[in-house]
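Open the model in your viewer and keep a selection box at hand. The stops below pass through charged side chains and a pair of packed helices.

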Amino acid sequence: MMTELTPAPRSKLVGISPFHIGEQAVQARLGVRDVIEPWARQVVRPFLLEQHRAFFRQLPFVVAAARDATGRPWVTLLAGKPGFISSSDPVSLQIAADVLPGDALQGSLTAGAELGLLGIELESRRRNRVNGTISAAAGNNLELRVGQSFGNCPQYITARSCREIEVRPMDRSASRYKRLTERMRRWIGSATTLFIASGYRGVGQHPAYGMDASHRGGAAGFVTVKDDSRLILPDYSGNNYFNTIGNLVADPRVALLFVDFESGSLLQLSGQATIDWDSAEVARHHGAQRLILIDIQQIVQLDGGLPLRWGEPEPHLPLRLVRKTKESDDVTSFEFEGLDDAALPAFKPGQYLPIELQIENATQPVKRTYSLSNTPGDAGYRISVKREPQGSVSRFLHDEIAVGDVVNALKPEGNFVLTQGDRPVALISAGIGVTPMISMLRALVREPARRLVYFVHGARNGHHHPFASEVRALAVRNNNVRFCAVYSQPCDSDVQGEDYDHQGRVDIDLLKDVIPALDADFYLCGPGDFLAGIVADLSERGVLPDRIHTETF
């Protein structure tokens, strides 16, 4: 059933929300509105950060979502040699490419058209979204005026390497259909990746209006083909922005794109979506929070047209669990080594480990990413996981997996890493956000430069403070480490001055007391509302953006 589209309760924040009425209604329905709004205001920007501009410049393709002349949404790929996308300034992208002949969007990428872009690098699993309006179009050249820009998490992305090939016009073909053929049904049924387009435009002007291109992924078979005109797409947990779901609640028109990575063929679908919030069918799709039911109305198949080909998915790293360590009442560490003592890929402090788990009653492996909490150079990998009462994966790890069991992983990844330099470093965390900070701290105390380190962590109390002894011991042994523990609800057994330093929460006043003149490079990890407040306060007090690095969960 579709949700009733009603405005969310008015936020206490002033200014324009980065979300439109559909997104806000879904966030309110699912109880994340008050948490996600402050965080999104810090990271959804009307311009591109320099790192995002550089990211787009290196891509050989970009996912594009737009509407045709009838208003029907479609999603496609624009491809070219790296550098075919450029950025002359932070509020624009120049794209030297056009859609393939016969593409559903041929002739639609014109000046004034709304365009949603997803820059995605499958090999590194990085992605960034940009929405805006085409400000100029001439031949194979477009210019996009940026409306919104923000990063996405890497979950559910199947890593693949890409290569360029030459395509002859005679090798290309385009066909239109109303129903799925048997080949299409097999194609969709074996897919591990798809791209989805949606959009909403209300009355007047709003930065959240326009088109969105997004990624969805899972194990082969995660999309269910009901018949030759209906699909079921599971919606897994994500960043809680609910851009796609919010668009579809406000405007149910939707488009999907499936890529045949071996042949360079594209399958474009366009139709209508309905959201299944909580029927019995949802429970049959393990890990799904809800389902998107899609009635297909038009189909375009483009065979052999892309000048790109992708290799097989990155091979798994089989890891054996060698140790489980209880770090607090609700956090346990899991230490893995390679099978037969095989050497494992190196990682940087702050990166995460993608893993796959085969959970009972799940029809496909469940994918998660967890920050590494050990030190680069150690023999294996350590992840530290909080047990969530409703979290099927965290409960499986805490309660079911045993020493000696083998799990599949991919090589460590992530861009939330320490930068080089001699400036003081502030590691600020709350809750389970402490995990990448432990890795960073352990690396910093091994550095010959001996940078000054401020380690500030907020927890409920001593029962919910993982790594307390480990950090305090490192601070005692290293005179360049300043440790400050902040408890919001200390227990009777918690002793101030021994177990914790301050009662309350980590805020800017505390940071000003701990870090002289706020002179440091800041690394922040924790819930969205925690990060939003700290980032806003640091920026207000003059800390430059390139000295503030964040990771949420």
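## Salt bridges and a helix pair

Select Asp378, Arg382, Arg442, Arg446 and Glu470 to begin: these residues are linked in a network of salt bridges. The model is a predicted one, and across the structure there are 28 salt bridges. Three individual pairs come next.

**Stop: arginine 451 and glutamate 447.** Show both side chains. They form a salt bridge in which the closest N and O atoms are 2.7 Å apart. Arginine 451 has a relative accessibility of 2%, so it counts as buried. Glutamate 447 also falls under the 20% limit for buried, since its relative accessibility is 17%.

**Stop: aspartate 251 and arginine 253.** Move the selection to this pair, where the side chains meet in a salt bridge with an N to O distance of 2.8 Å. Is aspartate 251 buried or exposed? With 12% relative accessibility, aspartate 251 is classed as buried. Arginine 253, by contrast, has a relative accessible area of 29% and is therefore partly exposed.

**Stop: strands S18 and S19.** Select glutamate 335 and arginine 323, whose side chains meet in a salt bridge at 3.0 Å, N to O. This pair links distant parts of the chain: arginine 323 lies in strand S18 (residues 317-326) and glutamate 335 in strand S19 (residues 331-338), with the two positions 12 residues apart in numbering. Glutamate 335 is partly exposed because its relative accessibility is 21%. Arginine 323 is partly exposed as well, at a relative accessible area of 42%.

**Stop: helices H2 and H11.** Now switch to a cartoon view and select residues 33-43, helix H2, together with residues 528-540, helix H11. Two packed helices are described by the angle between their axes and the distance between those axes. Here the axes come within 7 Å and cross at roughly 40°, which means that H2 is oblique to H11. The crossing of the two helices is left-handed.

Which residues make the contact between H2 and H11? Show side chains for Val35, Pro38, Trp39 and Gln42 on H2. On H11, add Gly528, Asp529, Leu531, Ala532, Val535 and Ala536. Colour this set by residue class to see how the contact divides: 7 nonpolar, 2 polar and 1 charged.

Conventions: Residues numbered from 1 in each chain as written. Predicted model: local features only at pLDDT ≥ 70, side-chain atom pairs only at ≥ 80, totals over all residues. Heavy atoms only, no water. Axes fitted to C-alpha atoms, helices over the stretch in contact; angles between N-to-C directions. Helix = DSSP H or I, 4+ residues; strand = E, 2+ residues; numbered from the N terminus. Parallel < 35°, antiparallel > 145°, perpendicular 65-115°, else oblique. Left-handed = near helix turned anticlockwise from the far one by under 90°. Contact = heavy atoms within 4.5 Å. Nonpolar A, V, L, I, M, F, W, Y, C, P; charged D, E, K, R; others polar. Salt bridge = Lys/Arg side-chain N within 4 Å of Asp/Glu carboxyl O. Buried < 20%, exposed > 50% of the residue type's maximum accessible area, 1.4 Å probe, protein only.
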